[in-house]
Amino acid sequence: MINLGRTNTDKFALWWRNIDKLLLISILALIFLGIFFAYTSTSNIASEKIYKTDYFLIVKQILFASISVLILFSLSLLDPKQIEKYSILGFVIAAFLLLSVLIFGVEVKGSKRWINLIFFRFQPVEIYKPFFVLLCSLIISNLQIGDLKIRIFYSFCVLLFSLLLLLNQPDVGQSLLISSVWLILIFVSGISIIVLVSLASAIFFGIASAIILFSERFSYIFKRLKTFVDPSKGDNLQTQKALDAIKQGGFTGRGIGEGILKEKVPEAHTDFVIAVIGEEFGILMILVIFLIITFIFVRIFSQFYNENNLFRKLVLIGLSCLVYLQSIINLGVTLNILPNKGMTFPFISYGGSSIIGCGIIFGILLC
């Protein structure tokens, strides 16, 4: 008779022996910080404006964080070959969910990016992004498909399909994000600089052309750019208050519960959570968060250099850059260095879709 308990124990022991413990601890630290800051940035909003109770949103965040941790550990227990094997299936499911937005999506502030479920609004692009990286990595690394240019062409078709879906929503921020990650993937694959620059120019020219040709659909982009270039010609309330909050917080912050940004800006707990943290806990805490996310990136990058398998190399660099670029964009918007993109900070911002998507990304990276 097979001792299943012994088998599971051995499997867990092998997992614990091989897992990057410092990376795991850093990821869990981000998750716990996200729960804590979700509590400090959402309780007043929940009680006064939405659910008439102090703890509804934080309970939801804890639930989503728990699901994310479960996904993270489940994926990290898999063999890397299983991740490679099921990449296509995962992409097909994620693409179906993204396509379903066209039919079942709900429109919020002029964009149709969410599907209304019973307990929350689900944003399929957060699930789609990691599987986009997996599929492109699989195509580029598959020598049986053909030479490098052919493989890059097929992966470009995947990117084009993704951009058509995202720009239709419209979601320019996520379109630029996955385009940047795709360019990083083909750069790592060994493509020439001339081809890389040509493709980058074509992609960003194509996105810009779509925005100009369908200007009515992308009117919010022009408003944001106009406000970014000249704040006096638009509504720059959110960004300005976020900057003021960070200034008022100083280096050590005003103290927990003493911030007022979360009461004045509707998206403070999502898009501008870094400003809420800066106001109550100071620039020091923002630096701590970025040190953690930078340590995670550097830790993964060091593994990238030690990895010989091209598929795994591409996945490591693609997923880590996906997370790090999103973090930089969120901070850039908060500091008014970049126009508002409506992009969350990984694990720190409130949001079920985002935190579950991050669980998938880091589960694959740990694997």
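**Exercise 1. A salt bridge across the chain**

State which side chains meet in a salt bridge at 3.0 Å, N to O, and place both partners in the fold.

*Solution.* Step 1: in this predicted model, the side chains of D20 and R299 meet in a salt bridge, with 3.0 Å from N to O. Step 2: D20 sits in the loop between α1 and α2 (21-50), while R299 belongs to helix α13. The two residues are 279 residues apart, and the pair thus links distant parts of the chain. Step 3: for the accessibility class, buried means under 20% relative accessible area and exposed means over 50%, with partly exposed in between. D20 has a relative accessible area of 24%, so D20 is partly exposed. R299, at 29% relative accessibility, also falls in the partly exposed class.

**Exercise 2. The other salt bridges**

Find how many salt bridges the structure holds, and describe the pairs formed by D171 and by K129.

*Solution.* Step 1: the structure holds 3 salt bridges. Side chains of opposite charge can pair when their charged atoms come close. Step 2: D171 pairs with R113, and the closest N and O atoms of this bridge are 3.8 Å apart. Because D171 lies in the loop between α7 and α8 and R113 in strand β2 (residues 111-116), the pair ties together parts that are 58 residues apart in sequence. D171 has 2% relative accessibility and therefore counts as buried. R113 has a relative accessible area of 8%, so R113 is buried. Step 3: K129 forms a salt bridge with E126, where the closest N and O atoms are 3.2 Å apart. Both residues lie in helix α6 (residues 125-141), 3 residues apart, which is about one turn of the helix. K129 and E126 are both buried.

**Exercise 3. The second largest pocket**

Describe the space in the second largest pocket, the residues that line this pocket, and the helices that supply them.

*Solution.* Step 1: the second largest pocket contains about 680 Å³ of space. Step 2: its lining consists of 26 residues, and N18, P80, L365, L366 and C367 are those nearest the centre of the pocket. Step 3: sorted by class, the lining has 16 nonpolar, 4 polar and 6 charged residues. Step 4: at least two lining residues each come from α1 (4-18), α4 (80-85), α13 (273-306), α14 (310-334) and α15 (352-366).

**Exercise 4. A nonpolar patch**

Identify the residues of the nonpolar patch on the surface and the helix that gives the largest share of the patch.

*Solution.* Step 1: the patch is formed by L99, L102, I103, F104 and F161, which together have about 480 Å² of accessible area. Step 2: helix α5 (residues 87-104) gives the largest share, 4 residues. Step 3: L102 is found in this helix, α5. Its relative accessible area is 40%, so L102 is partly exposed. Membership of a patch requires over 30% relative accessible area.

**Exercise 5. Backbone geometry in two loops**

Locate the cis peptide bond, and find where the positive phi of F347 occurs.

*Solution.* Step 1: the cis peptide bond joins Q169 and P170, with omega about -10°. P170 is in the loop between α7 (148-168) and α8 (172-189). Step 2: F347 is a residue other than glycine, yet its phi is positive, near 70°. The loop between α14 and α15 contains F347. With 1% relative accessibility, F347 counts as buried.

**Exercise 6. C-alpha separations**

Give the C-alpha separation and the sequence separation for S353 and S68, G278 and A245, and Q303 and I317.

*Solution.* Step 1: S353 and S68 are 285 residues apart along the chain, and their C-alpha atoms are separated by 9.6 Å. S353 is in helix α15 and, at 6% relative accessibility, counts as buried. Step 2: G278 and A245 are 33 residues apart along the chain, with 7.0 Å between their C-alpha atoms. G278 lies in helix α13; its relative accessibility is 0%, so G278 counts as buried. Step 3: Q303 and I317 are 14 residues apart along the chain, and 9.4 Å separates their C-alpha atoms. Q303 is found in helix α13. A relative accessible area of 37% makes Q303 partly exposed.

Technical notes: Residues are numbered from 1 along each chain as its sequence is written. This is a predicted model: local features need pLDDT of at least 70, side-chain atom pairs count only at pLDDT 80 or more; totals for chains, interfaces and linings use all residues. Side-chain values use heavy atoms; hydrogens and water are left out. On a 1 Å grid over the protein atoms alone, a cavity is a set of points where a 1.4 Å probe fits but cannot get out, and a pocket is an open set with protein on both sides within 12 Å along at least five of seven lines; lining residues have an atom within 4 Å of a point. Grid points are joined across faces, edges and corners, and a volume is the space filled by probe spheres set on the points. Ala, Val, Leu, Ile, Met, Phe, Trp, Tyr, Cys and Pro count as nonpolar, Asp, Glu, Lys and Arg as charged, and the others, Gly among them, as polar. Patches are made of residues with over 30% relative accessible area and no salt bridge: like charges are joined within 9 Å, nonpolar side chains (Val, Leu, Ile, Met, Phe, Trp, Tyr) within 5 Å. Accessible areas come from the Shrake-Rupley method with a 1.4 Å probe; for residues, only the protein chains shown count as cover. A salt bridge is a side-chain nitrogen of Lys or Arg within 4 Å of a carboxyl oxygen of Asp or Glu. Buried means under 20% relative accessible area, exposed over 50%, partly exposed in between (1.4 Å probe, protein chains only).
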